[in-house]
Amino acid sequence: MMWCGQAVAAVTVQVDRFNISENETVNLSIEISSDDSGEPQTDVLQKDFDILANNQSTSYSLINGSMNRKASWNIVLRPKRNGTLIIPAMKVGSATTRTISIQVSKEKTRSATGEQPSGDIWMDMEIEPKQVKVQQQAIITVRIYQAVSLNQGQLSEPKPTHAIIERLGEDATYQVTKNSRNWHVTERSYALFPQQSGLMEIEPLQLDGSILIGSGFYQSTKPIRIRSNSLSLNVEGIPDAWAHREWLPAKQLKLEESWPQSSEYIVGEPITRTLRISADGVTSSQLPALASELPDHLKAYPDKPALSDDKQKNGITGVRQEKIAIMPTRPGTYILPEIGLHWWNSETDQVEEVIIPARSFKVIADKAANMPAVTPKAPESSNSTETNPPLPPAQNGQHDSSWWRWLATFSSTGWLLTLAWLWRSRRKHAGTTPDAEKNRTLSRNEALKAVEQAVQSHDLKACEMALLQLAEAQNSSSPPKSLSSLVKQCHSEAAQDVLALEKAIYANIQTDWDGKTLLQTIKEGRFIKEPEINGDKQKALPGLYPD
């Protein structure tokens, strides 16, 4: 009977308080006196409580010659809701605890901002301005006041509905004295951009952590939960005074242009234009693209816009930068129209506009690319004057014609020799042209096939080599050595695509060049310009006075 009495487990369970608030904790103590090595089945507690700590201790005692074992558990619980909560019965080895009921009262939420801190940990939250327009920036500032050391603190984030929120910079720390106590303050800021008009409610933030209590050997930690005040923000819609397309509220906005310094530009050479918008109180995603129409004979090759956000304690500055390569295809004087951007000044509460004025520039022809294949002949009268001696003065009213016989004889002999040379060259050319032309056609077809393969595989360097080979096959007398020299031999349509290829390879700029347009231009026979020869190519005779 004594053995059986010792085997029965004696289990007790109790709490340190029966009435707590929803942000306080309760200590649950379980003690069992037996050799049973089982532990409390705490899973049933997680329905209504967060288990913050579970500490176990075991002690032994010798009473009347018998060894007694006592095991105890101290469990720290935090309620998940208010109301009447039940700590259910739990199995501890072969024993079962009793149920316990506790009352959890709802904590009163603070709505006021800037109250005096109290307790050991205090948290305050404010927003400025308290009234904004939709998509206008508002700054939320959270301050945590500590009179004691905080251990392992975790702060929740603001989660307003229908709004975009961005954290600003790093936390700031400083010291302040309030209510005759020294406080260590940690300050954190957020930028809030409401996306819908109406009254916006921002729930209190929550700080979970622990603080050190006691000193020396008896020092321990105590879990805490602190909540801030709530916030309300009145969000107005877009004002009636706004009559433009894209709504853009900002504190300050700048529109700048960067243009290469030159008095005149050359056909076929790109001109890089840079446009930059920077706005305070706006993210880069809110900044619109800048519409810029170009006159005829100017082509635009824009790069991907560069977006960035500078996040400081006083708000966000959004930046959008656009780079456009402008390619003139004909010489002349061009005027780029002015660029205007309307925005809403949130400081003065009115519409404003920034403008990049119209720009005029001159484009000249590329002398090397536009040089004619044949130099025009000088007027015949000037050649006769420079080549032939002047007639002698008339004698007795008539000219001396003896010199004319010698000139006619010399000219006839020259023409006969020239005709004989042409007849011989034509016979020689007739015997060798078919094979040469056949070899040249094969070479051109192979080069064209290489261009097609390079375009299909999007291999820009291979496309460059294939184009140079194709140009050499079509113009073996003056083969180009680079894409720049190839441009001077191309038609204007092909020249633009070749320049774009050169930019994609050597300018280290991402482009969407695919070569399909250039390939189609080549197949249509508009790649290399043919020399211009007056008259029939097969019957053209060399000039009497070659350079």
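Start by selecting residues 492-506 and residues 516-523, which are helix α7 and helix α8. Their axes lie 9 Å apart, and the helices pack at an angle of about 150°. The model on screen is a predicted one. Angles over 145 degrees count as roughly antiparallel, and α7 and α8 are therefore roughly antiparallel to each other. The crossing in which α7 passes α8 is left-handed.

Next, show side chains where these two helices touch. On α7, pick Glu493, Ala494, Asp497 and Val498; on α8, pick Thr517, Leu518 and Thr521, which they meet. Coloured by class, this contact of α7 with α8 shows 3 nonpolar, 2 polar and 2 charged residues.

Keep α7 selected and add residues 460-474, helix α5. Here the packing angle is about 140°, and the axes of α5 and α7 are 10 Å apart. Which term describes how α5 and α7 are set to each other? They are oblique, because the angle of about 140° falls in none of the ranges for roughly parallel, roughly perpendicular or roughly antiparallel. The crossing of α5 and α7 is left-handed.

To see the contact, select Leu460, Lys461, Cys463, Glu464 and Leu467 on α5, then Leu501, Ala504, Ile505 and Tyr506 on α7. By class, the contact of α5 with α7 holds 7 nonpolar and 2 charged residues, with no polar ones.

Now leave the helices and go to the largest pocket, which holds about 920 Å³ of space. Centre the view on Asn23, Glu24, Ile224, Arg225 and Ile226; of the 41 residues in the lining, these are the closest to the centre of the pocket. Several strands can then be selected in turn, since each gives two or more residues to the lining of the largest pocket: β4 (49-63), β5 (66-79), β10 (121-128), β13 (150-155), β17 (206-213) and β18 (220-227). Which of the elements gives the most to this lining? It is β18, with 7 residues. Coloured by class, the lining of the largest pocket has 15 charged, 15 polar and 11 nonpolar residues.

Two backbone details make the last stops. Select Glu128 and Pro129 and look at the peptide bond that joins them: it is cis, with omega about -10°. Pro129 is in the loop between β10 and β11 (131-133).

Then move on to Gln135, in the loop between β11 and β12 (138-146). What is the sign of phi at Gln135, positive or negative? Phi is positive, near 70°, in a residue other than glycine.

Definitions and conventions:
Residues are numbered from 1 along each chain as its sequence is written. This is a predicted model: local features need pLDDT of at least 70, side-chain atom pairs count only at pLDDT 80 or more; totals for chains, interfaces and linings use all residues. Side-chain values use heavy atoms; hydrogens and water are left out. Axes are lines fitted to C-alpha atoms, for helices over the stretch in contact, and angles run from 0 to 180 degrees between N-to-C directions. Helices (H or I, at least four residues) and strands (E, at least two) are DSSP runs, numbered from the N terminus. Angles under 35 degrees count as roughly parallel, over 145 as roughly antiparallel, 65 to 115 as roughly perpendicular and the rest as oblique. A crossing is left-handed if the near helix is turned anticlockwise from the far one by less than a right angle, and right-handed if clockwise. Contact means heavy atoms within 4.5 Å. Ala, Val, Leu, Ile, Met, Phe, Trp, Tyr, Cys and Pro count as nonpolar, Asp, Glu, Lys and Arg as charged, and the others, Gly among them, as polar. On a 1 Å grid over the protein atoms alone, a cavity is a set of points where a 1.4 Å probe fits but cannot get out, and a pocket is an open set with protein on both sides within 12 Å along at least five of seven lines; lining residues have an atom within 4 Å of a point. Grid points are joined across faces, edges and corners, and a volume is the space filled by probe spheres set on the points.
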